[in-house]
Amino acid sequence: METGLSRRSFLTTVVGGGAAAVLAGCAGARITSRPGLDLLIRDGMVLDGTGSAERRLDVGIRDGVIVAVGDLASATAARTIDAKGLKVVPGFIDIHSHTDLDLLKNPFAPSKVRQGVTTEVTGQDGESVAPVGGPGMPESLRAFQESYGFECPYRDMDQFFSFLASQGCTQNVLSLVGLGTLRAVTVGFDDRTATQAEMTAMKEAALRAIEQGCWGASTGLEYTPGSFASESELAEVMRGLPVEHRLYATHMRNEDNRVLDAITEAIGIARASQARLQVSHLKAQNKVNWPKQETALRMLDEAIASGLDVHVDRYPYVAFNTGLTNLFPLWARDGGTEKFLERLKDPSLVARLRAEVQRKVDGLGSWDSILLSSVKVDEDKKYQGNTIQQIVHDESADPYEFVVALQLREKADVGMVGFGMDEAGTEMVLAWKNAMVASDAGPHFPGDGSWPHPRSYGTFPRAIAHYQRTRKITTLPDMIRKMTSLPAEKLGLKTRGTIALNMAADIVVFDYDLINDRSTFTDPHQFADGIPFVIVNGVLVVDGGSQTTAKPGMILRG
Ligand SMILES: [Zn+2]
């Protein structure tokens with residue numbers, strides 16, 4: 001910097017002077033003889049992320065850190081943003097993200113960054129990118145090579161983090177370790193109890209992933225092989241982690257007819273292991289189950305009253321996104337993809353499979369409640385964005401037979417969107433005091449050939465524009481809190497999530513009147529409006545509404 005002041009002495013100047021006084025509420029205090037800043041955000045209405053009311057403040061950034069907050073009228077900076085009329089908030093922390101390996105295809109993660117996401121929490125739903133090993137290893141290595149065009153360069157989380165850091169990324173990334181991944185590596189894909197030796201191996205592997213920088217653990221108990229783990233197995237693995245890393249983020253065993261049993265199990269695991277519970281994308285699918293959402297929240301309230309640390313996350317949409325395989329019962333998926341595809345072809349199983357799939361579809365409503373999202377095979381691309389009802393109507397086909405043929409062509413790798421939730425329940429969950437906003441999505445970009453759920457582009461703007469500004473389910477400061485300080489606290493991420501002195505400079509500047517999600521189920525590749533500036537570690541990654549080529553993201557190791 002031109003003054004030659006070290007960051008330490010500058011911080012001392014600021015903290016000892018006017019900015020601290022302004023933070024304490026004495027508006028009007030001034031700081032003089034300020035050395036230059038890298039970036040100055042002037043005249044914005046700052047919502048600091050804690051839920052406090054907005055205040056007109058300037059924010060000064062240097063070396064990736066917020067070094068001044070207050071009236072910085074006399075400050076000089078290499079770059080000044082005039083934020084008059086705009087909101088200045090902490091960068092959004094996407095606490096349930098599926099970004100994982102997508103950064104290898106596009107390190108700029110446009111659909112996420114353009115909506116204000118500055119930190120992504122990956123390794124969700126029981127699946128982390130590492131460790132790589134066990135009986136599924138040859139298949140994972142082959143799939144990696146096929147998807148990315150080079151040999152998988154890592155085997156554990158440490159190597160993955162180093163690899164990602166060497167490539168660089170726009171936003172910050174951190175990860176949980178997936179307990180489903182650990183089961184695949186140590187036990188395999190079969191539905192059976194882990195042996196004592198396998199339990200020991202799983203606990204060691206979990207601990208190693210934590211030591212290598214994971215922040216906690218996740219489960220995906222509707223997915224194989226994670227679903228083959230019992231409540232006691234999961235509690236035992238969690239208990240083996242250091243207390244500060246016992247964050248248990250769970251895609252529960254059931255999200256429709258047995259969702260309340262699943263809540264009981266999740267609370268049981270948290271209690272038995274003294275873990276911090278995070279119920280992923282809390283919802284009750286299917287109309288008949290919608291009233292259970294209120295019961296679920298009351299159960300979680302009681303768990304909190306009994307001393308547990310409990311949060312949920314939720315994306316602001318009434319449709320979920322999952323694999324089309326989830327229409328099929330768990331027994332059909334036992335043993336992995338090859339066995340699943342064999343069962344689909346087995347004539348002796350057709351009647352039973354058809355009946356069970358139809359029951360799932362009836363629960364959702366009809367085949368019109370299921371929209372095909374991502375497929376891989378070219379001839380199937382024409383189906384993307386259509387409901388199965390629309391497709392079979394056009395082709396005069398039987399819906400079950402169409403789905404089976406599709407699964408076989410696509411090797412069971414098909415994405416679906418299910419319109420299974422209600423607006424009232426979505427609002428109730430999002431408004432709950434310990435609910436955090438999350439995308440549950442990976443990053444996309446126009447032209448990537450995918451058909452993503454609109455949450456990949458619109459989660460955070462939609463929560464603000466639709467659920468706060470229009471529906472008023474909570475105040476704006478509280479909605480911002482659900483995207484910033486709340487997830488930071490849940491993670492134990494102490495240097496992000498609020499706008500305050502010494503915090504990392506992850507910041508979003510948006511226009512409250514203009515912010516809007518534009519991505520829809522039928523036209524998903526649309527960036528949101530009204531977010532002119534996004535800053536990651538003090539560097540502009542969205543400038544004047546366009547994404548820059550900067551990759552200032554850091555791999556955050558817990
Ligand atoms: Zn999930």
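Four donor atoms around a metal count as tetrahedral if all their angles lie between 85 and 135 degrees, and as square planar if opposite donors are over 155 degrees apart and all others between 65 and 115; anything else is irregular. Keep that in mind as we walk through this predicted model.

Let's start at the zinc ion. Two OD atoms of Asp 125, together with ND1 of His 251 and NE2 of His 281, coordinate the zinc ion at 2.0 to 2.4 Å. The angles between these four donor atoms run from 56 to 147 degrees, so the arrangement is irregular. Along the chain, the donors follow the spacing D-x125-H-x29-H. Asp 125 and His 281 link distant parts of the chain, 156 residues apart: Asp 125 lies in the loop between strand S7 and helix H4, and His 281 in the loop between strand S12 and helix H10.

Are these two residues buried or exposed? Asp 125 has 8% relative accessibility, so Asp 125 counts as buried. His 281 is buried because its relative accessible area is 1%.

Now for the nonpolar residues. In soluble globular proteins, nonpolar side chains tend to be buried together. Here the largest nonpolar core has 90 residues, and those with the most contacts inside it include Tyr 154, Leu 277 and Phe 510. Helix H9, residues 259–273, gives the most to this core, with seven residues. Phe 510 touches, among others, Leu 86, Val 89, Ile 464 and Pro 532. A second, separate core has 36 residues, including Phe 340 and Val 417.

Finally, how confident is the predictor? The chain averages a pLDDT of 93, and 94% of the residues score at least 70. Over residues 1–34, however, pLDDT stays under 50.

Key:
Residues numbered from 1 in each chain as written. Predicted model: local features only at pLDDT ≥ 70, side-chain atom pairs only at ≥ 80, totals over all residues. Heavy atoms only, no water. Donors = N, O, S within 2.8 Å, 3.2 Å for Na, K, Ca; no water. Tetrahedral: all angles 85-135°; square planar, octahedral: opposite > 155°, others 65-115°. Helix = DSSP H or I, 4+ residues; strand = E, 2+ residues; numbered from the N terminus. Buried < 20%, exposed > 50% of the residue type's maximum accessible area, 1.4 Å probe, protein only. pLDDT = per-residue confidence, 0-100. Contact = heavy atoms within 4.5 Å. Core = buried A, V, L, I, M, F, W, Y, C linked by side-chain atoms within 4.5 Å. Lists of a residue's contacts leave out its neighbours within four places in sequence.
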